[in-house]
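Please open the structure in the viewer and keep the sequence panel visible. The tour proceeds by selections, each followed by a description of what is to be found there.

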Amino acid sequence: KNPLLPSYSVYAWLLFMCAILFVSAFYFPAARTIPSDTFVQHIVGGGFVSAILTMYFQRQLGLQLAIIDQWLFLASVTSVLSIGNELLEFFLNSFLGTTINSADTWWDLLANVIGAVVSYAAIMTVCLQQSNRTSNRR
């Protein structure tokens with residue numbers, strides 16, 4: 001069992017939070033300061049969700065990864081989800097006639113990475129602090 005990962009019940013709540021963040025991201029206001037209207041949405045709905053799912057998958061698969069491997073796993077999960085999202089947008093536009101802006105794909109990918117890195121670092125910091133508190137009590 002990885003001492004940096006909290007108990008399963010925390011992960012059940014993380015999955016619930018993941019779903020809430022993903023759905024609520026659709027209602028975030030557009031960021032008009034950069035070329036992408038959905039930058040903030042992708043930080044939360046793509047990046048934060050990727051980080052939470054990465055932690056969940058590590059726990060559920062029983063992965064004992066070194067720090068660098070954890071970050072590489074995060075990059076893999078974020079890439080798969082980000083590319084899948086952009087392919088879905090392409091499919092919806094091309095075959096179902098929707099009008100999702102596909103001109104901001106690179107901004108969307110960048111936002112997903114920024115959100116994933118920031119939130120994963122925050123999660124790991126909290127987990128490390130909890131682990132240190134637990135080891136100091138012994």
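Two residues are in contact when they have heavy atoms within 4.5 Å of each other. Helices (H or I, at least four residues) and strands (E, at least two) are DSSP runs, numbered from the N terminus. This is a predicted model, in which local features need pLDDT of at least 70 and side-chain atom pairs count only at pLDDT 80 or more, while totals for chains, interfaces and linings use all residues. Residues are numbered from 1 along each chain as its sequence is written, and side-chain values use heavy atoms, with hydrogens and water left out.

**The whole chain**

Begin by selecting the protein chain, which has 4 helices and 0 strands. From the N terminus on, its elements run α-α-α-α. Of its 138 residues, 35% count as buried; buried means under 20% relative accessible area, exposed over 50%, and partly exposed in between, with a 1.4 Å probe and protein chains only. Among contacts with a separation of 6 or more, 73% join residues 24 or more positions apart.

**Helix α2**

Next, select residues 39–61, which form helix α2. The expected span of a helix is 1.5 Å times one less than its number of residues. For the 23 residues of α2 this gives 33 Å, and the end C-alpha atoms are 31 Å apart, which agrees. Is α2 largely enclosed by the rest of the structure, or not enclosed? Because 17 of its 23 residues are buried, α2 is largely enclosed. Just after α2, select Gly62, which takes a positive phi of about 65 degrees.

**Helix α3 and its packing on α2**

Now add residues 67–95, helix α3. α3 has 29 residues and reaches 42 Å from its first C-alpha to its last, close to the 42 Å expected. At Ile67 in α3, the relative accessible area is 48%, so this residue is partly exposed. After α3 comes Gly97, with a positive phi near 75 degrees.

Two packed helices are described by the angle between their axes and the distance between the axes. Axes are lines fitted to C-alpha atoms, for helices over the stretch in contact, and angles run from 0 to 180 degrees between N-to-C directions. The axes of α2 and α3 come within 9 Å and cross at roughly 135 degrees. That makes the two helices oblique; angles under 35 degrees count as roughly parallel, over 145 as roughly antiparallel, 65 to 115 as roughly perpendicular and the rest as oblique.

α2 passes α3 in a right-handed crossing. A crossing is right-handed if the near helix is turned clockwise from the far one by less than a right angle, and left-handed if anticlockwise. To display this contact, show the side chains of His42, Ser50, Ala51, Leu53, Thr54, Phe57 and Gln58 in α2; they meet residues of α3 including Gln70, Phe73, Leu74 and Val77. By class, the contact of α2 with α3 has 7 nonpolar, 7 polar and 2 charged residues. Here Ala, Val, Leu, Ile, Met, Phe, Trp, Tyr, Cys and Pro count as nonpolar, Asp, Glu, Lys and Arg as charged, and the others, Gly among them, as polar.

**Helix α4**

Select residues 105–137, helix α4. The axes of α2 and α4 come within 7 Å and cross at roughly 45 degrees, and the two helices are therefore oblique to each other. Their crossing is right-handed. The contact of α2 with α4 has 15 nonpolar, 9 polar and 1 charged residues.

α3 and α4 pack at an angle of about 145 degrees, with their axes 10 Å apart. This crossing, too, is right-handed. Among the residues of α3 that take part are Trp71, Ser82 and Ile83, and those of α4 include Asn112, Ala116 and Tyr120. The contact of α3 with α4 divides into 10 nonpolar, 5 polar and 3 charged residues.

**Closer views**

Which residues of α3 are buried? They are Gln70, Leu74, Val77, Thr78, Ser82, Glu86, Glu89 and Asn93, and what covers them includes α2 and α4. Centre the view on Glu86, which is buried with a relative accessible area of 10%. Leaving aside neighbours within four places in sequence, Glu86 is in contact with His42, Thr105, Asp108 and Leu109.

Finally, select Leu110 in α4. At 40% relative accessibility, Leu110 counts as partly exposed. The C-alpha atoms of Leu110 and Ile43 are separated by 8.5 Å, although these positions lie 67 residues apart along the chain.
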